[in-house]
Amino acid sequence: MTTAEIVNKLWNLCNVLRDEGVTYHQYVSELTYLLFLKMAEETNRESQMGLPESCRWNSFKAEDGIDLLNHYRKALVELGAEPAGPLVRQIYANAQTSIKTPNNLKTIFDTIDQLDWFSAKEDGLGDLYEGLLEKNATETKSGAGQYFTPRPLINVMVRLADPKLGERCNDPSAGTFGFMIAASEYVRKQNDYFSLSTQAARFQTQEAFTGIELVPDTHRLALMNALLHGLEGGVVLGNTLSSLGAGSRFKNYDLVLANPPFGTKKGGETASREDFTFPSSNKQLNFLQHIYRSLKKGGRAAVVLPDNVLFQDGDGQKIRADLMDKCNLHTILRLPTGIFYAQGVKTNVLFFRRGQTDHQETKGVWFYDLRTNMPKFGKRTPLRESHFTDFEKAYTAKDRQAITDERLSYFSRQAILDKNDSLDLGLIPDENLLNYEDLPEPEVLIQESLSLLQEAQASLKDILEQL
């Protein structure tokens with residue numbers, strides 16, 4: 001059985017719980033509780049993780065009916081408290097089941113127990129879990145797309161950001177930890193981890209890839225996802241835009257990769273961060289400030305942000321100017337629409353590097369338009385890494401001036417300044433829209449309209465006369 005087949009079988013179990021009113025997101029959390037116990041058994045890590053004997057997978061196998069449901073409910077409480085291991089406590093913090101029917105719980109237990117775990121382990125348990133998260137994100141009724149950035153986009157951003165061994169990487173809006181896992185996998189493929197010293201190996205698994213996630217249930221999924229990909233202890237539960245994010249532990253990063261949540265603070269309130277020079281009610285602008293301030297000198301970032309960040313006046317203009325002073329904002333990728341859960345949202349990837357002087361670091365910005373005259377992406381036309389091929393060629397070219405590609409354009413810092421620091425630039429003409437330059441003069445249009453009206457009146461007169 002392939003990983004994809006296992007994912008489909010697990011996902012189809014959601015149908016068992018539909019009549020109980022269990023949502024897709026609750027179902028993924030429920031699967032996380034159960035899969036953690038099963039995977040701990042399959043990898044012989046139950047003792048290492050500090051799982052109490054009474055909560056291990058085998059303790060449930062002989063039970064049935066209401067006894068199984070009561071045992072499960074009690075175990076969730078026990079796993080979220082002492083004496084469970086610290087990671088176990090985080091995953092099961094405030095955990096409670098949405099399952100009310102014992103037979104449904106038994107069906108899920110039995111199905112998980114009977115899966116081809118040998119094949120799953122061969123392909124990677126992390127891939128299996130990522131598959132479930134992707135299923136949840138692409139199911140529009142789940143509403144989980146806001147926590148899930150398309151994998152092709154993540155992979156492209158990671159490749160171009162090029163994380164290195166020994167670097168500190170962070171995602172301040174971690175979601176299910178997809179960016180950091182992709183960055184970790186990229187570094188693993190570039191290096192021989194078996195040759196690392198104990199200290200260096202520990203750094204890579206416990207300190208190199210970190211993040212902050214605000215939503216408790218999503219934080220739980222992120223911890224599980226990280227664990228199954230060999231990363232431990234890197235996801236903090238909290239609000240980046242609060243005083244937590246201002247702490248020294250969230251500074252001096254070599255690389256930040258992120259897709260901050262869309263929207264504004266409730267009630268239009270400004271951020272509670274006292275260290276922000278330009279506090280705003282726009283969450284993306286606040287995240288942008290946090291990100292470029294969290295980079296060390298020479299540190300780099302690739303960040304997904306909506307169009308309004310590129311042109312918003314007031315604080316938006318000041319923050320863009322501050323960004324271009326402190327960082328070399330060298331590239332902006334205008335992304336296609338329809339690749340996120342909100343179909344109409346227009347987004348971009350900003351690539352920048354923190355400067356050494358914090359003064360006039362941006363001399364000019366390259367734009368690449370991957371939005372105009374592109375396919376309509378969705379389930380029928382999924383976004384693939386191949387769609388980014390020409391952009392990657394332009395991005396990595398030693399001399400971008402030598403690239404012949406209508407989608408690539410350049411604006412000097414002075415040209416941007418002349419547009420009041422608006423970065424809503426670089427879009428090519430849309431071939432689907434009317435070319436107004438080709439329209440006749442207004443007088444000609446009026447004359448043609450009058451002629452058509454006169455012809456219509458004459459035709460009507462002829463018809464009436466025949467009657």
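A helix axis, as the word is used here, is a line fitted to C-alpha atoms over the stretch in contact, and the angle between two axes runs from 0 to 180 degrees between their N-to-C directions. With that in hand, the reader can turn to a predicted model of a protein chain that has 19 helices and nine strands. Of the 467 residues in this chain, 51% are buried, and its accessible surface comes to about 22700 Å², with 49% of that area belonging to carbon and sulfur atoms. Among the contacts with a separation of 6 or more, 75% are made by residues 24 or more positions apart.

A first pair of helices to look at is α5, residues 65–79, and α7, residues 102–113, whose axes come within 8 Å and cross at roughly 75 degrees. Because angles from 65 to 115 degrees count as roughly perpendicular, α5 is roughly perpendicular to α7. Where the two helices meet, α5 contributes Gly-65, Ile-66, Leu-68, Leu-69 and Tyr-72, while α7 contributes Pro-102, Leu-105, Lys-106 and Phe-109. The 12 residues of α7 reach 16 Å from the first C-alpha to the last, close to the 16 Å expected at 1.5 Å a residue, and the buried residues of this helix include Pro-102, Leu-105, Lys-106 and Phe-109 as well as Ile-112.

Ile-112 leads on to Lys-38, a residue of helix α3 (residues 24–42). Leaving aside neighbours within four places in sequence, Lys-38 is in contact with Ile-112, Asp-113, Trp-57 and Trp-117. Is Lys-38 buried or exposed? Its relative accessible area is 3%, so Lys-38 counts as buried, the cut-off for that word being under 20%. Lys-38 and Trp-57 are 19 residues apart in sequence, yet their C-alpha atoms are 5.8 Å apart in space. Within α3's own stretch of sequence, the side chain of Lys-38 is joined to that of Glu-41 by a polar contact of 2.9 Å.

A second pair of helices is arranged in another way: α9 and α13 (residues 216–228) pack at an angle of about 150 degrees, with their axes 8 Å apart. Since angles over 145 degrees count as roughly antiparallel, α9 is roughly antiparallel to α13. Here Leu-125, Gly-126, Tyr-129, Glu-130 and Leu-133 in α9 meet Leu-221, Met-224, Asn-225 and Leu-228 in α13.

Thr-149 is found in the loop between α9 (125–138) and α10 (151–161), and its relative accessibility of 8% is why this loop residue counts as buried. Not counting residues up to four places away in sequence, Thr-149 touches Ile-154, Phe-179, Asn-259 and Phe-340, and a polar contact of 3.0 Å joins its side chain to that of Asn-259.

Phe-179, one of those partners of Thr-149, is also among the buried residues of α11, which include Gly-178, Met-180 and Ile-181. Helix α11 covers residues 178–190 and reaches 19 Å from its first C-alpha to its last, close to the 18 Å expected. Phe-177 lies in the loop between β1 (169–171) and α11, and is buried, with a relative accessible area of 1%.

The backbone deserves a closing look, since most residues other than glycine have a negative phi. Phe-177, although not a glycine, has a positive phi of about 80 degrees. Asn-252, in the loop between β3 (235–237) and β4 (253–258), likewise has a positive phi, near 60 degrees.

Key:
Residues numbered from 1 in each chain as written. Predicted model: local features only at pLDDT ≥ 70, side-chain atom pairs only at ≥ 80, totals over all residues. Heavy atoms only, no water. Helix = DSSP H or I, 4+ residues; strand = E, 2+ residues; numbered from the N terminus. Buried < 20%, exposed > 50% of the residue type's maximum accessible area, 1.4 Å probe, protein only. Contact = heavy atoms within 4.5 Å. Areas by Shrake-Rupley, 256 points an atom, 1.4 Å probe, with all protein chains shown as cover. Expected span 1.5 Å × (residues − 1). Polar contact = N/O pair within 3.5 Å; in protein donor to acceptor, adjacent residues only side chain to side chain. Parallel < 35°, antiparallel > 145°, perpendicular 65-115°, else oblique.
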